[in-house]
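Here's a quick briefing to read with the structure open beside you. Have a look at it first, and then we'll go through it topic by topic.

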Amino acid sequence: MFSAIILFSLLSFVAAQLSGPVGPITPLSEKSNICNVLDFGGEIGSSDIGPAIQSAYNNCVLTNSSASTLYVPDGDYDMQTWVTLSGGTKWAFRLDGLITRTSTTTGNMIVVENANDFEFYSANSAGGIQGAGYQCRNDGPRLIRMVTSTRWSLHDLILVDSPEFHLVVQDGSGGEVYNLAIRGADIGGSDGVDVWGDNYWIHDVEVTNRDECVTVKSPASNILVERRGSAMGSLAINTSIENILYQYVYTVGGNQAYMIKGNGGSGTVTNVIFQNFLSRDTAYGLDVNEYWASMSTLAGDGVTLYNITFKNWDGNVADGVERSPIQILCADTAPCYDIYLEDVYMWSLTDEATWKCESAYGSGACLESGTEYTSYAVQTTSYTQPTGYTTPTTMTGDLTTGFGSTAPIPTPTIPTMFYPGLPQISPLMKNQ
Ligand SMILES: *[C@@H]1O[C@H](CO)[C@@H](O)[C@H](O)[C@H]1NC(C)=O
Ligand SMILES: *[C@@H]1O[C@H](CO)[C@@H](O)[C@H](O)[C@H]1NC(C)=O
Ligand SMILES: *[C@@H]1O[C@H](CO)[C@@H](O)[C@H](O)[C@H]1NC(C)=O
């Protein structure tokens, strides 16, 4: 199954959702001390480009007083030594080559930590990492991890078949992630982008997998995800997620149009908007599940969800009776409230469907109204095809089937359109 996410935004929403500027401060043209890995022991066709990357970073990026660019030229490289690029300010990592993972060491192939004013990109929009995860499924590294960095961007990169997750954004703030093609296998645990932290803008990301495309984890605030998105959670103890906007999200196949998942735990998710979603042939549709069976129950009454709006959705699921296109199942010990569904037209390819609500208050579908938020048992109701539902649009480039987990996944190119009818927000580097 295939799922993909795309984001598009109007400036007013950007301003409203983000709490400040994102992305690097210094333009690439000023990061003019070029630290080419070929001058630091690397060569095209290398069986391990890791040491040359680390050396170029330690002995050129960090030692030069002017702003630097670490450069991996176009070409194929293998990598078996992972790198940690820590503490750089005012620098860029230009990865025009394609790096293939050859060691199964766990951890992360490339960690960038405590970077400030940083840009990670390929100028030919063709650089990236081939994880060959089929060789060591769930027993190898993640591809890229951005840790506690500030004012940075990551764009125009291709990430393929990570043994684990593809890109993890851990804490930090002021990041922009865009123009990515991420291709994972048709299995769980193949997350595209996992993000937590403050003030992030993630847009124009295409993800192929069966799991989460762009997932917000706790603690997170002021996050805008556009043109691809798909889950939040798993919600944990002391969850704190607020001021999140997902919009222009396009999904074909895959597990869900969007899912908020948890089981026990505590804390809150609030001030969240999910708008302009198109989805086709997903297993689940709009899916809030605080009794998610794939995780063991955590201590706590459940995470309280409130002030969450779903607006302008058009989608269908594979079988709307087996799996409701809309289900909002909140914790009986922490009912959710102020959940609003506006113009949410979710239907089924089987032409029959139910919706399910439990301990959930607000308006739309089977949400109960009222201001006494007492628990109630799950209610399953049949409904008829909503007027307003139209069979969602398709896009050229839609896949009809996903990629197996035991064979190589080909390296794609980055698309120029991520949501039907909307141009990408920034052109690809190769087209500039
Ligand atoms: C710093 O980078 C500049 C520009 O590449 C170069 O001319 C200079 O020699 C470098 N300085 C050191 C200490 O490496
Ligand atoms: C949750 O927050 C409370 C209060 O700050 C703290 O005592 C507790 O250790 C936290 N629990 C976890 C699992 O983070
Ligand atoms: C509900 O969330 C929206 C979107 O974040 C926000 O604009 C609004 O102020 C919130 N409402 C309340 C009552 O906090």
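Which residue in strand 11 is the bridge partner of G128? That would be I158. Keep in mind that this is a predicted model. The protein is assigned domain 1 (1-228) and domain 2 (256-396 + 414-420), and there are 3 disulfides to check out along the way.

**Domains**

- Domain 1 takes in residues 1-228, while domain 2 is written in two pieces, 256-396 and 414-420.
- Going by C-alpha atoms, the centres of domain 1 and domain 2 sit 31 Å apart.

**Strand 11 and its partners**

- Strand 11 covers residues 150-160, and 9 of its 11 residues are buried, so the rest of the structure largely encloses it.
- Strand 8 (residues 116-121) runs parallel to strand 11, with 5 bridges between them. In this pairing, E119 stands opposite S153 of strand 11.
- Strand 9 (residues 128-130) also pairs with strand 11 in the parallel sense, this time over 3 bridges. The G128 and I158 match from the opening question is a bridge to strand 11.
- Strand 12 (residues 167-183) is joined to strand 11 by 9 bridges, and the two run parallel. Here T150 faces S173 of strand 12.

**Disulfides**

- C35 and C60 are linked, with their sulfur atoms 2.1 Å apart. The torsion about the S-S bond is -75°, which goes with a left-handed link. C35 lies in strand 1 (residues 33-36) and C60 in helix 2 (residues 50-61), so this pair ties together parts 25 residues apart in sequence.
- Both ends of that link are out of the way: C35 counts as buried at 0% relative accessibility, and C60 counts as buried at 9%.
- C330 and C336 form another disulfide, with 1.9 Å between the sulfur atoms. The torsion about its S-S bond is about 75°, so this disulfide is right-handed. C330 is buried at a relative accessible area of 0%, and C336 is buried at 0% too.
- C357 and C366 are bonded as well, their sulfur atoms being 2.2 Å apart. Their link is right-handed, with 85° about the S-S bond, and both cysteines are buried.
- If you number the bonded cysteines in sequence order, the pairing reads 1-2, 3-4, 5-6.

**A further cysteine**

- C136 is worth a look if you're tracking cysteines: its relative accessible area is 6%, so C136 is buried.

**Ligand 1**

- The residues surrounding ligand 1 are N33, N64 and S66.
- An oxygen atom of ligand 1 lies 2.6 Å from a polar side-chain atom of N33. For N64, an N or O atom in the side chain is 2.2 Å from an oxygen atom of ligand 1.
- On its own, ligand 1 has 360 Å² of accessible area, and the protein covers 31% of that.

**Ligand 3**

- Around ligand 3 you'll find N271, I273 and N307.
- N271 uses its backbone here: one of its backbone N or O atoms is 3.4 Å from an oxygen atom of ligand 3. With N307, it's an N or O atom in the side chain that lies 2.3 Å from an oxygen atom of ligand 3.
- Ligand 3 exposes 360 Å² when taken alone, and the protein buries 40% of that.

Definitions and conventions:
Residues are numbered from 1 along each chain as its sequence is written. Chains are lettered from A and ligands numbered from 1 in the order in which they are written. This is a predicted model: local features need pLDDT of at least 70, side-chain atom pairs count only at pLDDT 80 or more; totals for chains, interfaces and linings use all residues. Side-chain values use heavy atoms; hydrogens and water are left out. Domain bounds come from an automatic or database domain assignment. A residue is near a molecule or strand if one of its heavy atoms lies within 4 Å of it. A polar contact is a pair of N or O atoms within 3.5 Å; within protein, one must be able to donate a hydrogen and the other to accept it, and residues adjacent in sequence count only if both atoms are side-chain atoms. Accessible areas come from the Shrake-Rupley method with a 1.4 Å probe; for residues, only the protein chains shown count as cover. Buried means under 20% relative accessible area, exposed over 50%, partly exposed in between (1.4 Å probe, protein chains only). Helices (H or I, at least four residues) and strands (E, at least two) are DSSP runs, numbered from the N terminus. Two strands pair if DSSP finds at least two bridges between them. A disulfide is a pair of cysteine sulfur atoms within 2.5 Å.
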